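Colleague: I've got the sequence and the model open side by side. Can you walk me through it?

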Amino acid sequence: QYDGKCLRIAELRDISDIKRTQEELKLTKELAEEGERLKTAFLANVSHEIRTPMNGILGFSELLKDPSLTTDVRNKYIDIIEESGRRMLATITNLIDISKIESAEPELIIESCDLNTLVLNLFALFKPDADKKNIDFNFSCGLKDNYSRIEIDVDKLTKVLQHFLQNAIKFTDSGIIDFGYYKLGEEIVFYVRDTGCGIAEDKHEKIFERFVQEDNSYASSYEGSGLGLSISKAFAKTLKGRIRLESKKGEGSTFSLVIPYAPVV
């Protein structure tokens, strides 16, 4: 009888191992299928982001050949071509950046950067886009000019802030966007705060992953390849910094980049 009990226990263990293996295989399959689905959606999105502006460039270039066009109409067509070109360039730049990140750790190029000038230039760059949507766009600099010059990879810092600002304007239909920085201890905190659609709390980590957007069905109606936050996360790490996100669905978002304060001596 004792031997029989041992035999039954062994059989239960065997069944348990089999079930565990089956569950692991099922999970692996589900993860692989999800990865393929996300990659397919991403490729379709990128294809759309390239075809749409290209169609605009080719279509309106053809319309410009009409000699009867008025100056106002001609200028309108030229503006559309320029905007389409900028949109395509942004998509290609993101693809190049993500390719570099995939292949190796991004190279760090340290330069002197005046933070106040950088913030002012970015504010001037995005102000027209904010004005088009009647967004109250504000900026603030946390240091006086003689303390605002630091050593940093200017290109990577600029790109992270650009991605933050692009998203804020894209997903804010009306309201306010506040942009700026402040010094906290031995760190600089850049922030972009908006009153837009916000992000569900269970998606805060996922939106920084490649091929993932907060809501594919919702985001599909907006321009963009969806690579910006993934690139930003990688660049933040290269800058020896980190990204913080505070957001609730329907209540706006605050994206922050925290980097070491390295003043120019």
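Modeller: Sure, just keep in mind that this is a predicted model. Let's start in the sheet, where tyrosine 181 stands opposite phenylalanine 190 in strand 5.

Colleague: Which residue stands opposite phenylalanine 179 in strand 5?

Modeller: Strand 4 (residues 175-184) and strand 5 (residues 187-194) run antiparallel, with eight bridges joining them. Tyrosine 181 is across from phenylalanine 190 there. For phenylalanine 179, the residue opposite in strand 5 is valine 192.

Colleague: And which residue takes a positive phi in the hairpin of strand 4 and strand 5?

Modeller: That hairpin has two residues between its strands. The phi there is positive, near 65 degrees, and it belongs to glycine 185.

Colleague: What is the order of the strands in the sheet?

Modeller: It's an open sheet of five strands with mixed pairing. Strand 2 and strand 4 run parallel, joined by six bridges, while strand 6 and strand 7 run antiparallel, also with six bridges. Put together, the order is 2-4-5-7-6.

Colleague: Which strands stand at the edges, and why is one side of each left without a neighbour?

Modeller: Each edge strand has a single partner strand, so one of its sides has no neighbour in the sheet. The two are strand 2 (135-140) and strand 6 (242-247).

Colleague: On the strand 2 side, what stands opposite asparagine 138 in strand 4?

Modeller: Six bridges link strand 2 to strand 4, and the two run parallel. Opposite asparagine 138 you'll find aspartate 178.

Colleague: Over at the other edge, what is the bridge partner of isoleucine 243 in strand 7?

Modeller: Strand 6 and strand 7 make a hairpin with five residues between them, and glycine 250 in that turn has a positive phi of about 85 degrees. The strands themselves are antiparallel. Isoleucine 243 has as its bridge partner leucine 257.

Colleague: Now the helices: which strands does helix 3 touch as it packs on the sheet?

Modeller: Helix 3 covers residues 115-132, and its direction makes about 180 degrees with that of strand 2. Helix 6, for its part, lies across strand 6 and strand 7 (253-260), at about 135 degrees to strand 6. The strands touched by helix 3 are strand 2, strand 4 and strand 5.

Colleague: At what angle do helix 4 and helix 6 pack?

Modeller: Their contact includes Val160 and Phe164 in helix 4, and Leu229 and Phe235 in helix 6. By class, the contact residues are five nonpolar, five polar and two charged. The crossing is left-handed. The axes of helix 4 (residues 154-170) and helix 6 (residues 228-238) are 9 Å apart, and the angle is about 150 degrees.

Colleague: Last one: which helix gives the largest share of the lining of the second largest pocket?

Modeller: That pocket holds about 230 Å³ of space. Of its 13 lining residues, Asp97, Lys100, Glu107, Asp155 and Lys156 lie nearest the centre, and the lining by class is four nonpolar, one polar and eight charged. The elements giving two or more residues are helix 2 (71-103) and helix 4. With four residues, the largest share comes from helix 2.

Note on methods:
Residues numbered from 1 in each chain as written. Predicted model: local features only at pLDDT ≥ 70, side-chain atom pairs only at ≥ 80, totals over all residues. Heavy atoms only, no water. Axes fitted to C-alpha atoms, helices over the stretch in contact; angles between N-to-C directions. Left-handed = near helix turned anticlockwise from the far one by under 90°. Contact = heavy atoms within 4.5 Å. Nonpolar A, V, L, I, M, F, W, Y, C, P; charged D, E, K, R; others polar. 1 Å grid on protein atoms, 1.4 Å probe; cavity = no way out; pocket = protein on both sides within 12 Å on 5 of 7 lines; lining within 4 Å. Points joined across faces, edges and corners; volume = space filled by probe spheres on them. Pairing = 2+ DSSP bridges.
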